[in-house]
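Please open the structure in your viewer and keep the selection panel at hand. The tour moves from one selection to the next and says what is found at each stop.

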Amino acid sequence: YNTIVDFRVETLEPHRVALHIDVREGAPTLIGAINFIGNTLFRDKSFLAVMKSRVNGRLRRDQLLDKDREAILKKYSDAGHPTAKSGPVNISFRDHRAYVRIFVSEGPRVKVRFSGNSAISENKLQQSLLIWSEHAVSNEVIDSSIDKIIRLYREQGYADVSVVVNKSERPGVLDLEFVITEGPHVTIGKIDLRGNEAFTTK
(Lines give C-alpha, C1' and ligand atoms only; values in the text may rest on other atoms or scores of the structure.)
Protein backbone atom coordinates (compact mmCIF):
# COMPACT_ATOMS: atom_id res chain seq x y z
CA TYR A 1 0.00 0.00 0.00
CA ASN A 2 3.06 2.24 -0.07
CA THR A 3 3.58 1.56 -3.75
CA ILE A 4 4.31 4.50 -6.05
CA VAL A 5 3.52 4.19 -9.76
CA ASP A 6 4.86 6.67 -12.33
CA PHE A 7 3.93 6.82 -16.00
CA ARG A 8 6.25 8.20 -18.66
CA VAL A 9 5.48 8.58 -22.35
CA GLU A 10 8.30 8.47 -24.92
CA THR A 11 7.72 9.54 -28.51
CA LEU A 12 9.35 7.07 -30.90
CA GLU A 13 8.23 8.29 -34.31
CA PRO A 14 5.15 9.92 -35.76
CA HIS A 15 2.02 8.15 -34.57
CA ARG A 16 3.98 5.85 -32.20
CA VAL A 17 4.80 6.21 -28.51
CA ALA A 18 6.25 4.02 -25.79
CA LEU A 19 4.56 3.98 -22.38
CA HIS A 20 6.95 3.36 -19.47
CA ILE A 21 5.53 2.34 -16.11
CA ASP A 22 7.86 2.70 -13.14
CA VAL A 23 6.82 0.87 -9.98
CA ARG A 24 8.41 1.48 -6.59
CA GLU A 25 6.88 -0.97 -4.15
CA GLY A 26 8.15 0.35 -0.82
CA ALA A 27 7.68 -1.45 2.47
CA PRO A 28 4.57 -3.64 2.93
CA THR A 29 1.75 -2.27 5.05
CA LEU A 30 1.41 -4.15 8.33
CA ILE A 31 -1.72 -4.48 10.44
CA GLY A 32 -1.46 -2.39 13.59
CA ALA A 33 -4.69 -3.54 15.25
CA ILE A 34 -7.92 -5.43 14.55
CA ASN A 35 -10.96 -4.42 16.58
CA PHE A 36 -14.56 -5.63 16.47
CA ILE A 37 -17.65 -3.51 17.03
CA GLY A 38 -21.04 -4.94 18.04
CA ASN A 39 -19.96 -8.38 19.28
CA THR A 40 -21.35 -9.60 22.60
CA LEU A 41 -21.42 -13.37 22.13
CA PHE A 42 -17.71 -13.75 21.36
CA ARG A 43 -14.63 -11.85 22.52
CA ASP A 44 -12.24 -10.35 19.99
CA LYS A 45 -9.62 -13.04 20.52
CA SER A 46 -12.17 -15.71 19.56
CA PHE A 47 -12.53 -14.12 16.13
CA LEU A 48 -8.80 -13.63 15.73
CA ALA A 49 -8.29 -17.35 16.39
CA VAL A 50 -10.26 -18.27 13.22
CA MET A 51 -8.97 -15.45 11.00
CA LYS A 52 -5.93 -15.57 8.73
CA SER A 53 -5.19 -11.87 9.13
CA ARG A 54 -2.91 -11.19 12.08
CA VAL A 55 -1.74 -8.11 13.99
CA ASN A 56 1.77 -7.25 12.73
CA GLY A 57 1.09 -9.34 9.63
CA ARG A 58 0.76 -8.00 6.11
CA LEU A 59 -2.49 -6.35 5.13
CA ARG A 60 -4.29 -8.31 2.42
CA ARG A 61 -7.67 -6.87 1.54
CA ASP A 62 -8.87 -9.98 -0.31
CA GLN A 63 -8.13 -12.18 2.68
CA LEU A 64 -9.61 -9.74 5.18
CA LEU A 65 -12.79 -8.98 3.24
CA ASP A 66 -13.55 -12.50 2.03
CA LYS A 67 -12.00 -15.42 3.92
CA ASP A 68 -11.86 -13.76 7.32
CA ARG A 69 -15.44 -12.52 7.15
CA GLU A 70 -16.59 -15.99 6.08
CA ALA A 71 -14.78 -17.49 9.07
CA ILE A 72 -16.58 -15.07 11.41
CA LEU A 73 -19.97 -15.92 9.89
CA LYS A 74 -19.30 -19.65 10.24
CA LYS A 75 -18.43 -19.18 13.90
CA TYR A 76 -21.75 -17.43 14.48
CA SER A 77 -23.68 -19.99 12.42
CA ASP A 78 -22.18 -22.86 14.43
CA ALA A 79 -23.35 -21.07 17.57
CA GLY A 80 -26.94 -20.86 16.30
CA HIS A 81 -26.83 -17.35 14.81
CA PRO A 82 -27.22 -17.97 11.05
CA THR A 83 -28.36 -14.39 10.30
CA ALA A 84 -25.25 -12.73 11.76
CA LYS A 85 -23.58 -10.16 9.51
CA SER A 86 -19.87 -9.39 9.29
CA GLY A 87 -19.09 -5.95 7.96
CA PRO A 88 -18.66 -3.26 6.92
CA VAL A 89 -14.91 -3.21 7.41
CA ASN A 90 -13.23 0.12 8.11
CA ILE A 91 -9.48 0.45 7.44
CA SER A 92 -7.48 3.54 8.40
CA PHE A 93 -3.77 4.11 7.87
CA ARG A 94 -1.25 5.71 10.18
CA ASP A 95 2.55 5.53 10.20
CA HIS A 96 2.61 2.86 7.47
CA ARG A 97 0.27 0.65 9.46
CA ALA A 98 -3.34 -0.35 8.91
CA TYR A 99 -5.90 -0.19 11.70
CA VAL A 100 -8.91 -2.42 11.05
CA ARG A 101 -12.39 -2.17 12.54
CA ILE A 102 -14.91 -4.90 11.72
CA PHE A 103 -18.55 -4.20 12.51
CA VAL A 104 -20.65 -7.20 13.55
CA SER A 105 -24.42 -7.68 13.72
CA GLU A 106 -25.15 -10.87 15.63
CA GLY A 107 -28.85 -11.31 14.90
CA PRO A 108 -31.12 -13.56 16.97
CA ARG A 109 -30.22 -17.04 18.15
CA VAL A 110 -32.23 -19.49 16.06
CA LYS A 111 -33.52 -22.60 17.83
CA VAL A 112 -34.82 -25.39 15.60
CA ARG A 113 -36.73 -28.46 16.64
CA PHE A 114 -38.66 -31.15 14.83
CA SER A 115 -41.78 -33.04 15.83
CA GLY A 116 -43.54 -35.99 14.23
CA ASN A 117 -40.40 -37.43 12.64
CA SER A 118 -39.62 -41.09 13.19
CA ALA A 119 -38.39 -42.28 9.80
CA ILE A 120 -35.62 -39.68 9.45
CA SER A 121 -33.28 -38.59 12.22
CA GLU A 122 -33.21 -35.04 13.54
CA ASN A 123 -29.55 -34.72 12.59
CA LYS A 124 -30.31 -35.51 8.95
CA LEU A 125 -33.22 -33.09 8.95
CA GLN A 126 -30.99 -30.36 10.40
CA GLN A 127 -28.54 -30.88 7.55
CA SER A 128 -31.30 -30.32 5.00
CA LEU A 129 -32.14 -26.84 6.34
CA LEU A 130 -30.91 -23.95 4.19
CA ILE A 131 -30.96 -21.33 6.95
CA TRP A 132 -27.39 -22.24 7.94
CA SER A 133 -25.84 -22.03 4.47
CA GLU A 134 -27.93 -19.07 3.27
CA HIS A 135 -27.48 -17.14 6.54
CA ALA A 136 -31.14 -16.14 6.42
CA VAL A 137 -34.49 -17.07 7.96
CA SER A 138 -36.71 -15.40 5.39
CA ASN A 139 -39.97 -17.04 4.33
CA GLU A 140 -38.37 -18.00 1.03
CA VAL A 141 -35.46 -19.79 2.73
CA ILE A 142 -37.80 -21.57 5.16
CA ASP A 143 -40.10 -22.66 2.30
CA SER A 144 -37.09 -24.01 0.39
CA SER A 145 -36.04 -25.92 3.51
CA ILE A 146 -39.52 -27.43 3.73
CA ASP A 147 -39.26 -28.52 0.09
CA LYS A 148 -35.95 -30.26 0.83
CA ILE A 149 -37.46 -32.12 3.78
CA ILE A 150 -40.41 -33.25 1.67
CA ARG A 151 -38.09 -34.50 -1.09
CA LEU A 152 -36.05 -36.33 1.52
CA TYR A 153 -39.14 -38.13 2.79
CA ARG A 154 -40.47 -38.95 -0.66
CA GLU A 155 -37.14 -40.53 -1.55
CA GLN A 156 -37.74 -42.82 1.45
CA GLY A 157 -41.23 -43.77 0.23
CA TYR A 158 -43.39 -41.26 2.13
CA ALA A 159 -45.40 -39.81 -0.73
CA ASP A 160 -48.02 -38.08 1.43
CA VAL A 161 -45.67 -36.31 3.83
CA SER A 162 -46.51 -32.76 4.85
CA VAL A 163 -44.47 -30.16 6.76
CA VAL A 164 -45.56 -26.94 8.42
CA VAL A 165 -43.45 -24.49 10.42
CA ASN A 166 -44.46 -22.78 13.64
CA LYS A 167 -42.46 -19.61 14.20
CA SER A 168 -42.27 -17.69 17.46
CA GLU A 169 -40.03 -14.85 18.58
CA ARG A 170 -38.81 -13.63 21.94
CA PRO A 171 -36.05 -11.14 22.80
CA GLY A 172 -32.88 -12.30 21.05
CA VAL A 173 -34.31 -15.70 20.10
CA LEU A 174 -36.24 -17.08 17.13
CA ASP A 175 -37.90 -20.48 17.62
CA LEU A 176 -38.69 -22.62 14.57
CA GLU A 177 -40.65 -25.84 14.96
CA PHE A 178 -40.93 -28.07 11.90
CA VAL A 179 -44.07 -30.18 12.38
CA ILE A 180 -43.90 -33.26 10.19
CA THR A 181 -46.79 -35.53 9.29
CA GLU A 182 -45.07 -38.46 7.68
CA GLY A 183 -48.10 -40.38 6.42
CA PRO A 184 -47.96 -44.05 5.41
CA HIS A 185 -44.84 -45.63 4.01
CA VAL A 186 -45.60 -46.54 0.39
CA THR A 187 -44.00 -49.55 -1.28
CA ILE A 188 -44.49 -50.91 -4.80
CA GLY A 189 -46.06 -54.35 -4.65
CA LYS A 190 -46.32 -55.23 -8.31
CA ILE A 191 -45.76 -53.61 -11.70
CA ASP A 192 -47.91 -54.75 -14.65
CA LEU A 193 -47.01 -53.79 -18.20
CA ARG A 194 -49.68 -54.14 -20.88
CA GLY A 195 -49.35 -53.90 -24.62
CA ASN A 196 -45.69 -54.91 -24.69
CA GLU A 197 -45.03 -57.46 -27.39
CA ALA A 198 -41.33 -57.02 -28.16
CA PHE A 199 -40.26 -57.52 -24.54
CA THR A 200 -41.53 -59.50 -21.59
CA THR A 201 -42.36 -57.86 -18.30
CA LYS A 202 -39.16 -59.28 -16.81
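Begin by selecting F36, F42, F47 and Y76, which ring pairs link into a cluster. Keep in mind throughout that the model is a predicted one.

Within this selection, turn to F36 and F47, whose rings form a tilted aromatic pair with 4.8 Å from centre to centre and 45° between the planes. F36 belongs to strand 3 (residues 30–37) and F47 to helix 1 (residues 44–48), so that the pair links distant parts of the chain, eleven residues apart. Both F36 and F47 are buried.

Next, keep F47 and bring Y76 into view: the centres of these two rings are 5.7 Å apart and the planes stand at 45°, so this pair is tilted. Because F47 lies in helix 1 and Y76 in helix 2 (residues 61–78), the pair ties together parts that are 29 residues apart in sequence. F47 is buried, with a relative accessible area of 0%, and Y76 is likewise buried, its relative accessible area being 0%. The count of aromatic pairs in the model comes to six.

Now add K75 and look towards F42, where the charged end of K75 sits over the ring of F42, 4.8 Å from its centre. For another arrangement of this kind, select R94 and Y99: the charged end of R94 sits over the ring of Y99, 4.2 Å from its centre.

The next stop is the sheet. Select strands 3, 4 and 5, which make up an open sheet of three strands in the order 3-5-4, with mixed pairing. Strand 3 and strand 4 (85–94) stand at the edges, and each has a single partner strand, so one side of each is left without a neighbour in the sheet. From one strand to the next, the twist averages 20°.

Follow the pairing on each side of strand 5. Strand 3 and strand 5 (residues 97–105) run parallel and are joined by seven bridges; A33, for instance, stands opposite Y99 in strand 5, and the bridge partner of F36 in strand 5 is I102. Strand 4 and strand 5, on the other hand, run antiparallel and are joined by eight bridges, with V89 standing opposite I102 in strand 5. To see how strand 4 leads into strand 5, select the turn of the hairpin that they form, which has two residues between the strands and in which D95 has a positive phi of about 55°.

Which side chains of strand 5 point to one face and are buried? Display the side chains along the strand, and they alternate: A98, V100, I102 and V104 are the buried ones on one face, while R97, Y99, R101, F103 and S105 point to the other face and are not buried.

Then show helix 2 together with the sheet, since this helix lies across strand 3, strand 4 and strand 5 and runs at about 145° to strand 4. Select L73, which is found in helix 2. Leaving aside its neighbours within four places in sequence, L73 is in contact with A84, K85, S86 and H135. A distance to display here is that between the C-alpha atoms of L73 and E106, which are 33 residues apart along the chain and separated by 9.2 Å.

From there, move to T83 in the loop between helix 2 and strand 4. With a relative accessibility of 14%, T83 counts as buried. Not counting residues up to four places away in sequence, T83 touches S105, E106, G107, P108, H135, A136 and V137.

Finish with the nonpolar cores. Select I149 and F178, which touch the most other members among the 24 residues of the largest nonpolar core. The elements that give two or more residues to this core are strand 6 (109–115), helix 5 (139–155) and strand 8 (173–181), and helix 5 gives the most, with seven residues. Around I149, leaving aside its neighbours within four places in sequence, the contacts to highlight are F114, L125, S128, L129, V163, F178 and I180. Apart from the largest core lies another core, of 16 residues, and I34, I91, A98 and V100 are among them.

How values were computed. Residues are numbered from 1 along each chain as its sequence is written. This is a predicted model: local features need pLDDT of at least 70, side-chain atom pairs count only at pLDDT 80 or more; totals for chains, interfaces and linings use all residues. Side-chain values use heavy atoms; hydrogens and water are left out. A nonpolar core is a set of buried Ala, Val, Leu, Ile, Met, Phe, Trp, Tyr and Cys residues joined through side-chain atoms within 4.5 Å. Buried means under 20% relative accessible area, exposed over 50%, partly exposed in between (1.4 Å probe, protein chains only). Helices (H or I, at least four residues) and strands (E, at least two) are DSSP runs, numbered from the N terminus. Contact means heavy atoms within 4.5 Å. Rings of Phe, Tyr and Trp (its six-membered ring) pair if their centres lie within 6.5 Å; planes under 30 degrees apart count as stacked, over 60 as edge-to-face and the rest as tilted. A charge sits over a ring if NZ of Lys or CZ of Arg is within 6 Å of the ring centre and within 35 degrees of the ring normal. Two strands pair if DSSP finds at least two bridges between them. Axes are lines fitted to C-alpha atoms, for helices over the stretch in contact, and angles run from 0 to 180 degrees between N-to-C directions.
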